Amino acid sequence: MGFFTDTSVCIGCKACEVACKEWNAIPEDGLTFTGMSYDNTIGLGADSWRHVAFIEQDKPLAGQVTGGVTGEDAQGMRWLMASDVCKHCTEAACLDVCPTGSLFRTEFGTVVVQEDICNGCGYCVPACPYGVIDQRHGDGRVWKCTLCYDRLEVGQQPACAKACPTDSIQFGPLDELRERAALRVDQLHEAGVTEARLYGHDPQDGVGGDGAFFLLLDEPEVYGLPPDPVVTTRDLPRMWKLTAVAAVSLAASVAAAFARRAGR
Ligand code: SF4
Ligand code: SF4
């Protein structure tokens with residue numbers, strides 16, 4: 001199960017952020033005025049499990065007519081609004097490095113932190129290729145989106161998807177969501193929105209596909225997303241193998257040295 005977030009229909013109402021905070025009883029995180037458009041949340045963190053980005057661009061919406069012209073000659077501005085969240089990676093490095101088993105894969109395929117087991121070591125923080133997971137100030141433990149595990153267990157959909165008035169956030173079986181997303185991209189391309197593309201939908205990508213994937217209207221970097229994320233523990237098995245080979249070689253050399261000395 002997972003999320004498909006279609007940013008082309010997001011209206012920036014932040015109902016998802018509010019629903020997430022309310023359902024999960026997440027503390028407030030500053031209520032600061034950033035001056036960054038209508039974005040006062042800034043990014044995902046221990047106390048922001050959904051973040052609605054507002055990206056202002058000096059280009060018109062696809063197909064928009066300004067001053068009687070359209071296409072590349074048209075003037076104007078547009079907002080790209082997108083509700084970001086933990087990607088619930090298929091190959092999740094946060095989970096690989098957790099020494100306590102606090103992070104675990106649920107029966108729904110999602111990645112969840114158990115706050116009563118987390119010891120605040122913070123290993124998972126640099127391991128996440130998206131910079132999602134974060135330690136809470138004054139607490140030390142890590143917190144992130146649980147994809148509303150408690151709601152899923154009783155057959156409810158996550159609070160953000162339930163609250164989204166435009167269905168920008170859709171919840172369901174990933175295969176079904178991927179099919180729906182591909183049709184939506186085709187529809188947008190036919191309507192002239194040629195920049196529409198999917199992000200995190202491909203099970204062959206560097207993290208084995210995201211459990212929360214997106215339809216974007218520009219390059220991922222514009223939204224603060226890495227263009228080609230890779231599971232940061234990818235090289236660990238090879239490194240352990242090399243370490244084992246080095247240890248065996250060292251032991252063999254020491255044994256040979258002792259054998260030579262004994263033979264003198
Ligand atoms: S996005 Fe980061 S925190 Fe979320 S599952 Fe992937 S590695 Fe873990
Ligand atoms: S609730 Fe839906 S439309 Fe509103 S900001 Fe969140 S994703 Fe966008």
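Hi everyone, this is a short walk through the salt bridges and one surface patch of this structure. Please keep in mind that the model is predicted.

Let's begin with the charged pairs. Across the whole structure, a search finds 11 salt bridges, and I'll show you three of them.

The first one on my list joins the side chains of K21 and D29, at 3.5 Å from N to O. How accessible are these two? K21 has a relative accessible area of 23%, so it counts as partly exposed. D29 is partly exposed as well, at 35% relative accessibility.

Next, please find E195 and R78. They form a salt bridge whose closest N and O atoms are 3.1 Å apart. This pair links distant parts of the chain, 117 residues apart: E195 sits in the loop between α6 (174-190) and β9 (197-199), while R78 belongs to strand β3. Is R78 buried or exposed? With a relative accessible area of 3%, R78 is buried, because the cut-off for that is under 20%.

My third pair is R178 with D175, whose side chains meet at 3.4 Å, N to O. Both residues lie in helix α6, 3 residues apart, which is about one turn of the helix. D175 reaches 55% relative accessibility, so it counts as exposed. Some bridges also share partners: K59, R78, E195 and D218 are joined into one network that way.

Finally, let's turn to the surface. Which residues make the nonpolar patch of about 320 Å²? They are Y38, M77 and W79. Of these, M77 lies in the loop between β2 (51-57) and β3 (78-84), and at 39% relative accessibility M77 is partly exposed.

Thanks for listening!

Key:
Residues numbered from 1 in each chain as written. Chains lettered and ligands numbered in written order. Predicted model: local features only at pLDDT ≥ 70, side-chain atom pairs only at ≥ 80, totals over all residues. Heavy atoms only, no water. Patch = residues over 30% accessible without salt bridge, like charges linked within 9 Å, V, L, I, M, F, W, Y side chains within 5 Å. Areas by Shrake-Rupley, 256 points an atom, 1.4 Å probe, with all protein chains shown as cover. Salt bridge = Lys/Arg side-chain N within 4 Å of Asp/Glu carboxyl O. Helix = DSSP H or I, 4+ residues; strand = E, 2+ residues; numbered from the N terminus. Buried < 20%, exposed > 50% of the residue type's maximum accessible area, 1.4 Å probe, protein only.
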